[in-house]
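The following exercises are to be worked with the sequence and the model at hand. Each task is followed by a solution in steps.

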Amino acid sequence: MGSAGRHDGHGAVVAAVLGVVAVLLLGGCGTQVAGREAAPSATGPIPWTVFEPSGVTGARLADGGRTLLLDAQVPSGARACVRDFKAVLTHPVQKDLVRVQLTFSSPSGDRRSGCTKERSATARVRLPVPLGGREVVVDHDVQFTADGAKAPALRLCGELGCTPPATGCTDASYDQALMAVDAPVHSYRDTQECDGKWLVMDFSWRTGPACDDASAPGCSSRLGDRWFYRAGKSGWVPIVEGTEGGCRVVQRAAPAFPTSLCRGLAPLPAFLHPSYPPGSASPSPPPRRAAPRERGGTPAGSC
């Protein structure tokens, strides 16, 4: 074949390759970036993943205290949503404690599975010895005890454990008072006035960056609050929040609150509890401008 023929054949191959590249680029316009893996298909298989229950609702004993049955919330739907729901001991049984973990497999992490509801399910675990007076900890933070429960059921314990502190002028009781008003995590008590039946507490919490040197600018910034309480059967019961000095705020809500506990209260500093009045409303919103178009081509945002 002559040189002209070879040049013609080479040109035809180059033109064909360029045509294929152009088709690929146009066909992928706006859907895939070169060098990146395409997104998985929405019609692909739904994976089964191991989960812990969203809530553990009950516990009871059987077989003379040697079997522990645990009720929990698991996914539910029109199709199969749970496999291999089980309870296992995560540590050897201790003198006063049994630790258990609940797990199951489910496709509920993908909404295509239809597992968007919940139902109750029960798992059981055999103990090497009767539970006796031991407490049960499930999935690290849910506690049960036989103390105060009607057999064979176990009692679900609260945030303060299975034996909450007695209401009084103690550090443990003050911690319960902070929890009762949803104080931010790591809040610390500034002052408190307490007579065993009534309590007023000032507390604050750090804001801003985490610092090793609290004297550096911005590292000592904090916010705070003040709450008044009355003693209840299960702990301190919040009455009212107020940052001004004296007794007016609390005695308006609870006239029996003793003046001796609130008379000397100074107003909470403004930097601890700043006030943010609502801004004035704009008379009319400014007109919206149409989105700009790119010059010499297609509208902005299109391919």
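## Exercise 1. A buried acidic residue

In this predicted model, D225 is buried yet has no salt bridge, and R226, the nearest side chain of opposite charge, is 7.6 Å away.

Task. Determine in which strand D225 lies, and which residues D225 touches when those up to four places away in sequence are not counted.

Solution.
- Step 1. Locate the residue: D225 lies in strand β12.
- Step 2. Apply the cut-off for a salt bridge, which is a side-chain nitrogen of Lys or Arg within 4 Å of a carboxyl oxygen of Asp or Glu. D225 has no such partner, with R226 at 7.6 Å.
- Step 3. List the surroundings, leaving out residues up to four places away in sequence: D225 touches M201, D202, F203, W205, E241, T243, L268 and H273.

## Exercise 2. The sheet that contains β12

Task. Establish the order of the strands in the open sheet of 4 strands, and state which strands stand at its edges.

Solution.
- Step 1. Read the order: the sheet runs β10-β11-β12-β13, and its pairing is antiparallel.
- Step 2. Identify the edges: β10 and β13 each pair on one side only.
- Step 3. Add the twist, which averages 30° from one strand to the next.
- Step 4. Examine β10 with β11. Strand β10 (residues 188–194) is joined to β11 by 6 bridges, and Q192 stands opposite M201 in β11. The two strands form a hairpin with 3 residues between them, and G196 in the turn has a positive phi of about 95°.
- Step 5. Examine β11 with β12. Here 9 bridges join β11 to β12 (residues 222–232), and R206 stands opposite R222 in β12.
- Step 6. Examine β12 with β13. These strands pair over 6 bridges in the antiparallel sense, with E241 in β13 as the bridge partner of W227.
- Step 7. Consider burial: in strand β11 (residues 198–206), 8 of the 9 residues are buried.

## Exercise 3. A helix and its cover

Task. Which residues of helix α2 are buried, and which strands are included in what covers them?

Solution.
- Step 1. Helix α2 spans residues 171–180, and its buried residues are S173, Y174, Q176, A177 and L178.
- Step 2. The cover of these buried residues includes β10, β11, β12 and β13 (235–241).
- Step 3. Just after α2, D182 takes a positive phi of about 55°.

## Exercise 4. Salt bridges

Task. State how many salt bridges a search of the whole structure finds, and analyse the one between R222 and D190.

Solution.
- Step 1. The search of the whole structure finds 9 salt bridges.
- Step 2. The side chains of R222 and D190 meet in a salt bridge at 3.8 Å, N to O.
- Step 3. R222 lies in strand β12 and D190 in strand β10, so this pair ties together parts that are 32 residues apart in sequence.
- Step 4. Accessibility is assigned next: R222 is partly exposed at 26% relative accessibility, and D190 is partly exposed with a relative accessible area of 32%.
- Step 5. D171, D175 and R189 are joined into one network by salt bridges that share partners.
- Step 6. Further pairs include D110 with R112 at 2.8 Å, N to O. R112 counts as partly exposed at 37% relative accessibility.
- Step 7. Another pair is D84 with K86, whose closest N and O atoms are 3.7 Å apart. K86 is partly exposed, with a relative accessible area of 36%.

## Exercise 5. The three-stranded sheet and the cores

Task. Explain why one side of β2 and of β6 is left without a neighbour in the sheet, and state which residues have the most contacts inside the largest nonpolar core.

Solution.
- Step 1. The open sheet of 3 strands has the order β2-β3-β6, with antiparallel pairing.
- Step 2. β2 (55–62) and β6 (117–126) are at the edges with a single partner strand each, so one side of each has no neighbour in the sheet.
- Step 3. Neighbouring strands of this sheet are turned by 25° against each other on average, direction ignored.
- Step 4. Strand β3 (residues 67–76) pairs with β6 over 10 bridges, and L69 stands opposite R124 in β6.
- Step 5. The largest nonpolar core has 23 residues, and L68 and L102 have the most contacts inside it.
- Step 6. Strands that each supply at least two residues of this core include β2, β3 and β6.
- Step 7. A second, separate core has 13 residues, among them V200, L261, C262 and L265.

How values were computed:
Residues are numbered from 1 along each chain as its sequence is written. This is a predicted model: local features need pLDDT of at least 70, side-chain atom pairs count only at pLDDT 80 or more; totals for chains, interfaces and linings use all residues. Side-chain values use heavy atoms; hydrogens and water are left out. Buried means under 20% relative accessible area, exposed over 50%, partly exposed in between (1.4 Å probe, protein chains only). Two strands pair if DSSP finds at least two bridges between them. Axes are lines fitted to C-alpha atoms, for helices over the stretch in contact, and angles run from 0 to 180 degrees between N-to-C directions. A nonpolar core is a set of buried Ala, Val, Leu, Ile, Met, Phe, Trp, Tyr and Cys residues joined through side-chain atoms within 4.5 Å. Lys and Arg count as positive and Asp and Glu as negative; His and the chain ends are not counted. Contact means heavy atoms within 4.5 Å.
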